[in-house]
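Please walk through this model by question and answer. Begin with the ligand site, then move to the protein itself.

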Amino acid sequence: MVHAGVTGWGKCLPPAVLSNADLATFLDTSDEWISSRTGIHERRISHVGLTELARVAAQRALAAANLDPAALELIVFGTTSFDDQAPNQASGLQQQLGAVRAAAMDVNTACTSFLYAWSTANALIRTGVVRNALVVGGEVISRFMDWNNRNVAVLFGDGCAALVLEACDRDEGLLGEKLGCDVGGRDALVIQGMGSRYADFERRYGVTNWIFDGQEIFRRAVIGMSQASVEVLAAHGISGDQLDLIVPHQANLRIIEAVAKRLDMPMERVFVNLQHYGNMSAATVPVALVEAVEAGRIKPGALLLLPAFGAGLTWCAHLVRWGARTVPLRESDACLPPAPHTALELVQALIRQRC
Ligand code: ACO
């Protein structure tokens, strides 16, 4: 039986940091409100486009796997904030990498996009269509943010990370997943201004208005992530105490704590990094995974659970067996150009552009 092991991992966070205090300079909010309600202290704002963030993350992941981009057979890019819709995001990255033999596709399920992309690549490797894949989760959500809306502007940030998957005969990689969509919550999060229905120019494309019912999303997210986790664990005969680490979608610390409580998991076995980045949508889980490996929180052979939710409201939980290696085979020297402005200046420029 063919499996799809994780052989490479890499992340790229834009350097400009936007603090809660920065947000309070132009929104009626405070560090105290944001920290206590969400657990978020700061987030990153990108000075480059998504393709550039992804290029750096992907080059680091390919180096970690010691895989030549020209040998890559598939790129699956999970995102909601494409540089372009046509041609797609994955082909833009393919061009940057020189991955001339790869097929390239995007997956958009909002914050769960990276995990749905992983499911897609895993299936194509396990059925023999391709032998390896680059799976990317990335967002430059700052460019689609309504920076005048304190309900949402304080929650999100930019970032990107990527994994390399390669066919192997060991029982590792994605062991199983539970996917679903709580469509009853579809209207709880709608980003008006990001689709063809806005082509009548009543609202300029990209100038967004976020319809957002935080409490409703919170309630449904806890239920969806918990149920998906329970189902995938039961399907594989795994009990909670066999899990080494939960790496959940990072939207709100209180959501993560509520899911951990329902699963009877102590927070010591839950990886949390949202204090630094906020909700990076599709980038959240892969960045957390990469940081968990880098911090030594993922040991060789570790059993991981990755529960997530996103607009839709899509939900999922992935059960993953990490491989024998937690050290990159090679380091990449790929990096971003320096940011010419502070995060606050970048956001102020975005606010001016909307006017
Ligand atoms: N600063 C100060 N006050 C604020 C802010 C802010 N940034 N935002 C809202 N408030 C106010 C509200 O207006 C409200 O005031 P009111 O009582 O006078 O009406 C008050 O704070 C309380 O608001 P609540 O909604 O009760 O706050 P709650 O404790 O529920 O927290 C939050 C809100 C953080 C949004 C929470 O509900 C949440 O995290 N929900 C999940 C949302 C999420 O993560 N979505 C991600 C979507 S996934 C994707 O795919 C994009």
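Q: From which domains does the shell around the ligand draw at least three residues each?
A: This is a predicted model: local features need pLDDT of at least 70, side-chain atom pairs count only at pLDDT 80 or more, and totals for chains, interfaces and linings use all residues. Residues are numbered from 1 along each chain as its sequence is written, and side-chain values use heavy atoms, with hydrogens and water left out. Domain bounds come from an automatic or database domain assignment. The shell draws at least three residues from each of domain 1 (3-170 + 329-353) and domain 2 (175-321).

Q: Which residues come nearest to the ligand?
A: A residue is near a molecule if one of its heavy atoms lies within 4 Å of it. There are 25 residues around the ligand. Those that come nearest are Thr29, Cys111, Gln215, Asn252 and Ala311.

Q: How many nonpolar, polar and charged residues does the shell around the ligand have?
A: Ala, Val, Leu, Ile, Met, Phe, Trp, Tyr, Cys and Pro count as nonpolar, Asp, Glu, Lys and Arg as charged, and the others, Gly among them, as polar. By these classes the shell has 13 nonpolar, eight polar and four charged residues.

Q: What distances separate an oxygen atom of the ligand from Gln215, from Asn252 and from Ala311?
A: A polar contact is a pair of N or O atoms within 3.5 Å; within protein, one must be able to donate a hydrogen and the other to accept it, and residues adjacent in sequence count only if both atoms are side-chain atoms. Gln215 and Asn252 each offer a side-chain N or O atom, while Ala311 offers a polar backbone atom. The distances are 2.6 Å for Gln215, 2.7 Å for Asn252 and 2.7 Å for Ala311.

Q: What percentage of the ligand's accessible area does the protein cover?
A: Accessible areas come from the Shrake-Rupley method with a 1.4 Å probe; for residues, only the protein chains shown count as cover. On its own, the ligand has 1000 Å² of accessible area. The protein covers 75% of that.

Q: Which element gives the largest share of the shell around the ligand?
A: Helices (H or I, at least four residues) and strands (E, at least two) are DSSP runs, numbered from the N terminus. Elements that give two or more residues are H2 (31-38), H6 (150-153), H7 (214-235), H8 (253-262) and strand S12 (303-310). The largest share, four residues, comes from helix H7.

Q: Why is helix H10 largely enclosed by the rest of the structure?
A: Buried means under 20% relative accessible area, exposed over 50%, partly exposed in between (1.4 Å probe, protein chains only). H10 spans residues 284-294. Among its buried residues are Val287, Leu289 and Glu291. The helix is largely enclosed because the number of buried residues is ten of the eleven.

Q: With which side chain does Lys11 make a polar contact?
A: Lys11 is found in strand S1 (residues 3-12). At 19% relative accessibility, this lysine counts as buried. The contact spans 2.8 Å, and the partner is the side chain of Glu291.

Q: How many residues apart in sequence are the parts that the pair of Phe156 and Trp210 ties together?
A: Rings of Phe, Tyr and Trp (its six-membered ring) pair if their centres lie within 6.5 Å; planes under 30 degrees apart count as stacked, over 60 as edge-to-face and the rest as tilted. Phe156 and Trp210 form a tilted pair, 5.1 Å centre to centre with 50° between the planes. Both are buried, Phe156 at 7% and Trp210 at 5%. Phe156 lies in the loop between H6 and strand S7 (159-168) and Trp210 in strand S10 (residues 209-212), so the pair ties together parts that are 54 residues apart.

Q: Which residue does a cis peptide bond join to Ala86?
A: Omega of this bond is about 0°. The partner is found in the loop between strand S4 (74-78) and helix H4 (89-97). That residue is Pro87.

Q: Is Ser281 buried or exposed?
A: Ser281 has a positive phi of about 50° although it is not a glycine. Its place is in the loop between helix H9 (274-277) and H10. At 4% relative accessibility, Ser281 counts as buried.
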